[in-house]
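Reader: Please take one part of this model and walk me through it closely. I would like to know what touches what.

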Amino acid sequence: MDMSFEEKFDQAIHALNQSRGAEGVSFERFRAEIDFAKQFSELFPDKQAEWEGLILKAIEQVTKSIAGSGAVDMERVIGKAEEVLAPIGKKAKEYTIHCCGHAHIDMNWLWPWQETVNVSHDTFATVDQLMEEFPEFRFSQSQASTYIAMEEYCPEIFAKIKDRVKKGQWDITASMWVEGEKNFVSGESLCRHMLYTRQYFKQRMGLKPEDIKIDWSPDTFGHAHTIPSIVSRGGVSRYYFCRTGPGPWLFKWRSPDGSEILAYNDKGGYNGTIDPNAMRWLMCGFVKETGLKDFMFMYGVGDHGGGPTRRDLRKFREIAKWPVFPTVKLATTDDFYSAVEKANPKLPVIDCDLNFTFEGCYTAQSNIKRANRVSE
C-alpha cells in the first residue's frame, strides 16, 4: 500500500533531524518554512498534491546535502531548497500578518495606583526607546487612564507619546477610560467612559472620535448584547476581544436594535511573542475560516505591563526576510481593520451576548466589586 503524504513527511523529517548538520539559524528557518508550507498547502486543494511533492523534494535535498562528512555551506543548501519551494513562497507573500505590539496593563489589580503609574512609565519609556532602535516598530495602547497618569506624574513621557502619535508610530486604541466591565456596568457608565475619553483625546491630542474607532476589550470576562448599540453611538465600529467568545474569528456583532460592529475574536490571546510556529497555526486557521489575506497577530508582555521586547523585534526582522512565509509587517490595529473593511467579506452575524465561560468570575475579588458599588 502506498504511504500517505503524512507518513512520507514524518519519515522525511525524521531523517532530516537525524542528519549531522541539523542545527543552526539557517536550519531552524528551513524547518519553520517547511512546517508553514505543509499547513499552508492544505488551504489550496487544487495545488496541494503538487506542493506536497515540492515539500518532500526540498527536505530530501537538504538531508542529502548535510549527510556527508565534509564541510557544509548551510546557507547555500537552504537557499537551494527554498528555490524548490518558491511557488509556495510566492503565493504565501500574498498574505500579510500584521504584528501589532501592545502592553496589557491591569489597572490597580491587587496593587496600588502608584505601582500602576510606575508600570505605565516603565512600559512607555521602553516603547519609546525601541522606536529609536527599530523605526519600523508600531505600538497600540488602550485606556485613557494610562495617558492621564503620564500627563500628571511623568510629563516627559507624555510629551514623547504625543510626538510618537503625531509621527504615526503610536496607535491610540482607547475609546474607554479603562478596559472595564462589560456586563454588570450600566449603559450610562459606558457612555460616560466614551464621552470623557473622547473629550480628553480631543483636548490633548487633537483626535476626533472617528480617529479612534476601536473598543479594546481583550481581558473582559463577558460582553453584553447591547454593547454594539452603545459603543457605535460613540463612534466605535471595531471591537477587539479574547475572552468568553467561542465561535468565529471575525464577525459582525449585532445588538437588539440592529446596530452592528466588526468584532475580532483573538484566539491566540493578547500576550504573545513573535514566534513563527504560533503565527502560522493561527494565521492558517484564520485564513481557512475567513478567506481573507490579512491577519492580526498581537504580541507584547502584559497584565503587569512590559510590551514588546527587543527579542520580538529582532525576530520580526529575521522572519520578514524568509522567502517561504507570509508577508510580515509591524503594524497598527488600524492597518488590519482597514484591510478587512476594504475587502468587505461576507461575515457571520452574532446576535447575542458573548458570555459563555468563566463561571464564578463575578464572585471572585468581591471586596473590589463591593467598592465599585459603593463608588457608584
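**Helix 7 and helix 8, then further out**

Author: Start with the contacts. From helix 7, Tyr147, Met150, Glu151 and Tyr153 meet Pro155, Ile157, Phe158 and Ile161 of helix 8. Keep in mind that this is a predicted model. Helix 7 covers residues 144–153 and helix 8 covers residues 155–167. Their axes come within 6 Å and cross at roughly 130 degrees. Angles between 115 and 145 degrees count as oblique, so helix 7 is oblique to helix 8.

Now helix 1, residues 5–17. Its 13 residues should span 18 Å at 1.5 Å a residue, and the end C-alpha atoms are 18 Å apart, which agrees. Phe5, Phe9, Ala12, Ile13 and Leu16 are its buried residues. They cover an arc of only 100 degrees around the axis, so they sit on the same side of helix 1. The spacing fits a general rule. An α-helix has 3.6 residues a turn, so residues three or four places apart point the same way. The buried residues of helix 1 pack against helix 2 (25–41) and helix 3 (45–66).

Last, the sheet. It is open, has 5 strands in the order 4-5-7-6-10, and its pairing is mixed. Strand 4 (214–217) and strand 10 (349–350) are at the edges with a single partner strand each, so one side of each has no neighbour in the sheet. Strand 6 (residues 250–254) pairs with strand 7 (residues 260–265) in the antiparallel sense, over 5 bridges. There, Lys252 stands opposite Leu262 of strand 7. Helix 13 (residues 333–343) packs on this sheet and touches strand 4, strand 5 (238–241), strand 6 and strand 7. The direction of helix 13 makes about 120 degrees with that of strand 5.

Methods. Residues are numbered from 1 along each chain as its sequence is written. This is a predicted model: local features need pLDDT of at least 70, side-chain atom pairs count only at pLDDT 80 or more; totals for chains, interfaces and linings use all residues. Side-chain values use heavy atoms; hydrogens and water are left out. Two strands pair if DSSP finds at least two bridges between them. Helices (H or I, at least four residues) and strands (E, at least two) are DSSP runs, numbered from the N terminus. Contact means heavy atoms within 4.5 Å. Axes are lines fitted to C-alpha atoms, for helices over the stretch in contact, and angles run from 0 to 180 degrees between N-to-C directions. The expected span of a helix is 1.5 Å times one less than its number of residues. Buried means under 20% relative accessible area, exposed over 50%, partly exposed in between (1.4 Å probe, protein chains only). The arc is that of the directions from the helix axis to the C-beta atoms. Angles under 35 degrees count as roughly parallel, over 145 as roughly antiparallel, 65 to 115 as roughly perpendicular and the rest as oblique.
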